[in-house]
Amino acid sequence: MRMRKTMVFSLICMIMLAFSACAPDRTGQLNGNEDNNGGGNGGIAVQEQGSGEDEKPDKLIIWSNDDAKHVTAVEQLAGEFTAKTGLPVEVVPVSGSEQVQKLALAAPAGNGPDLFYQPQDRLGDIVVQGLADPVELSEQERAQYSEAALNAVQYEGQIYGFPISIETYAVYYNKALIDQVPAALEDVAELSAALTDPTKDQYSFLMVPDFYYVIPFITNYGGYIFGEKDGKYDPADLGLNNEGSVQGMTAFADFIKRTGIPVTMTSDVMDTLFLEGKAGMVINGLWAMKTYSDKLGDQLGTASIPTVNGKSAPSFVGVKSWFISAYSEHPSWAKQLALFLTNSDSSEVYYENTGEIPARPDAQQNIGDPLYSGFVQQIESGIAMPNIPEMSAVWNMDSAVDFIVQGEDPPSVLDEVTEQIAAQIKATGQ
């Protein structure tokens with residue numbers, strides 16, 4: 001299931017605004033612990049007795065995602081943390097899709113966790129509701145995570161999360177049909193004459209014409225989603241109908257036409273054609289790897305997305321992270337635990353259990369499965385999906401993509417849809 005399907009921002013962020021006024025004020029409480037990075041080979045600087053929040057608690061509580069593989073990894077790592085520090089950690093499985101709502105209700109009453117788990121697209125909700133405070137990370141601590149992952153857990157210039165894993169989409173190809181992935185995506189059209197025959201449902205290259213996948217054409221021609229200054233998105237500054245976006249979407253429509261990709265292509269149809277050996281290359285996410293690998297075996301290869309308009313093709317990245325609850329009475333200890341759970345050794349344990357790519361470059365390089373290489377390379381060009389609530393309105397761009405690939409005038413379509421997005425943002429008070 002494509003990551004963008006999870007991008008439905010809950011209206012609870014507006015309903016629960018009152019909770020932000022109740023969040024505890026701990027300005028600077030997480031400062032002064034910058035050397036406790038828990039990095040390297042699993043080392044952790046242990047605080048013994050201090051004052052206030054630094055006193056060693058009886059235990060820490062983690063709300064883990066309730067996926068069985070995730071729980072297994074977290075429970076193993078929590079046990080290792082306890083063995084190193086003597087501090088018990090209780091792991092409570094809670095559905096990731098329900099954690100924000102449950103936290104808003106439970107935490108003010110003292111029934112919440114010290115750490116909770118969320119994808120970065122919920123960060124806007126989390127901050128608006130006052131459920132997590134910014135964290136201070138030293139330069140050494142920041143360096144542990146990939147730049148794309150760290151950008152994904154920033155909101156208005158401040159870091160809130162500790163990245164666990166990172167995902168994006170890349171190219172899968174069938175080695176029986178494709179010897180080598182072209183260097184430029186525009187060159188894919190040259191393969192069409194030899195491999196593409198729509199009457200037989202055969203294609204050299206397929207992708208779903210959705211905004212989620214089209215972003216390389218927009219950004220590489222000078223378009224953008226929101227303006228940004230000093231690490232803060234400006235939802236009033238929409239670049240989806242500027243000259244660059246118009247050029248990019250015009251180029252994309254031409255690309256679809258030249259490659260013969262059906263304008264109504266869906267992920268299910270694409271998967272079926274690729275698995276049947278009727279498509280040479282497809283763009284898809286890490287979530288498709290097991291299905292593809294089980295069917296194609298050694299014939300399956302991966303690669304980063306070829307360049308677009310002469311530049312590396314960016315792709316949206318999604319990041320799953322730990323966040324320290326604003327209601328935790330032991331934030332310094334929670335920080336130590338979060339850093340331990342995302343250190344190099346822990347990241348490898350998490351990957352071995354879940355198959356998700358670690359957010360740390362050093363752990364990424366230790367992945368032995370060659371099928372991950374295309375995704376690791378693609379992450380280097382990845383861009384964080386905007387994590388502000390206003391992003392929910394931007395998915396109206398899917399309709400713009402549909403109209404444009406069907407032959408509608410790009411400037412007119414983009415003007416109309418961008419106006420709709422702006423109106424939706426204004427109407428919802430975001």
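Which side chain does Asp114 join through a polar contact of 2.6 Å? That one is picked up in point 1; keep in mind throughout that this is a predicted model.

1. **Asp114 and its partner.** The side chain in question belongs to Ser328, joined to the side chain of Asp114 by a polar contact of 2.6 Å. Asp114 sits in the loop between helix H4 (99–106) and strand S3 (115–119). Don't let the loop fool you: Asp114 counts as buried, because its relative accessibility is 8% and the cut-off for buried is under 20%.

2. **Who else touches Asp114.** Leaving aside neighbours within four places in sequence, Asp114 is in contact with Lys59, Leu60 and Ile61 from earlier in the chain. From later in the chain come Phe323, Ile324, Ser325, Ser328, Glu329, His330 and Ala334.

3. **Ala334, seen from the other side.** Ala334 belongs to helix H13 (residues 331–341). It counts as buried, since its relative accessibility is 0%. Beyond its neighbours within four places in sequence, Ala334 is in contact with Leu60, Asp114, Leu115, Ile324 and Ser328. So what separates Ala334 from Ile62 in space? Their C-alpha atoms are 9.1 Å apart, with the two positions 272 residues apart along the chain.

4. **A four-stranded sheet.** Here the strands run in the order S8-S11-S7-S12, forming an open sheet with mixed pairing. Strand S8 (203–206) and strand S12 (300–303) are the edge strands; each has a single partner strand, so one side of each has no neighbour in the sheet. On average, neighbouring strands of this sheet are turned by 20 degrees against each other, direction ignored.

5. **Inside that sheet.** As a reminder, strands of a sheet pair through backbone hydrogen bonds, either parallel or antiparallel. For S8 and strand S11 (residues 279–285), the pairing is in the parallel sense, over three bridges. If you want a spot to look at, Phe205 stands opposite Met281 in S11.

6. **A helix across the strands.** Helix H12 (residues 289–296) lies across strand S7 (169–174), S11 and S12. Relative to S12, helix H12 runs at about 140 degrees.

7. **Enclosed space.** How many cavities of 30 Å³ or more are there? The count comes to two. About 40 Å³ of space lies in the largest cavity. Its lining is made up of Tyr169, Leu185, Met207, Tyr213, Pro216, Phe217, Ile283, Ile305 and Val308. Helix H9 (residues 211–219) supplies the largest share of that lining, three residues.

8. **An open pocket.** The second largest pocket has a volume of about 550 Å³. It is lined by 25 residues, and those closest to its centre are Ala148, Asn151, Gly382, Ile383 and Ala384. Several elements each supply at least two lining residues, including H9, strand S9 (226–229), helix H16 (373–379) and strand S14 (383–384). The largest share, three residues, comes from H7.

9. **Asp234, a contrasting aspartate.** Is Asp234 buried or partly exposed? Asp234 counts as partly exposed, because its relative accessibility is 36%. It is found in strand S10 (residues 232–238). Apart from neighbours within four places in sequence, Asp234 is in contact with Phe226 and Gly227. Ile388 is 154 residues away from Asp234 in sequence, but C-alpha to C-alpha the two are 9.6 Å apart.

Conventions
Residues numbered from 1 in each chain as written. Predicted model: local features only at pLDDT ≥ 70, side-chain atom pairs only at ≥ 80, totals over all residues. Heavy atoms only, no water. Buried < 20%, exposed > 50% of the residue type's maximum accessible area, 1.4 Å probe, protein only. Contact = heavy atoms within 4.5 Å. Polar contact = N/O pair within 3.5 Å; in protein donor to acceptor, adjacent residues only side chain to side chain. Pairing = 2+ DSSP bridges. Axes fitted to C-alpha atoms, helices over the stretch in contact; angles between N-to-C directions. 1 Å grid on protein atoms, 1.4 Å probe; cavity = no way out; pocket = protein on both sides within 12 Å on 5 of 7 lines; lining within 4 Å. Points joined across faces, edges and corners; volume = space filled by probe spheres on them.
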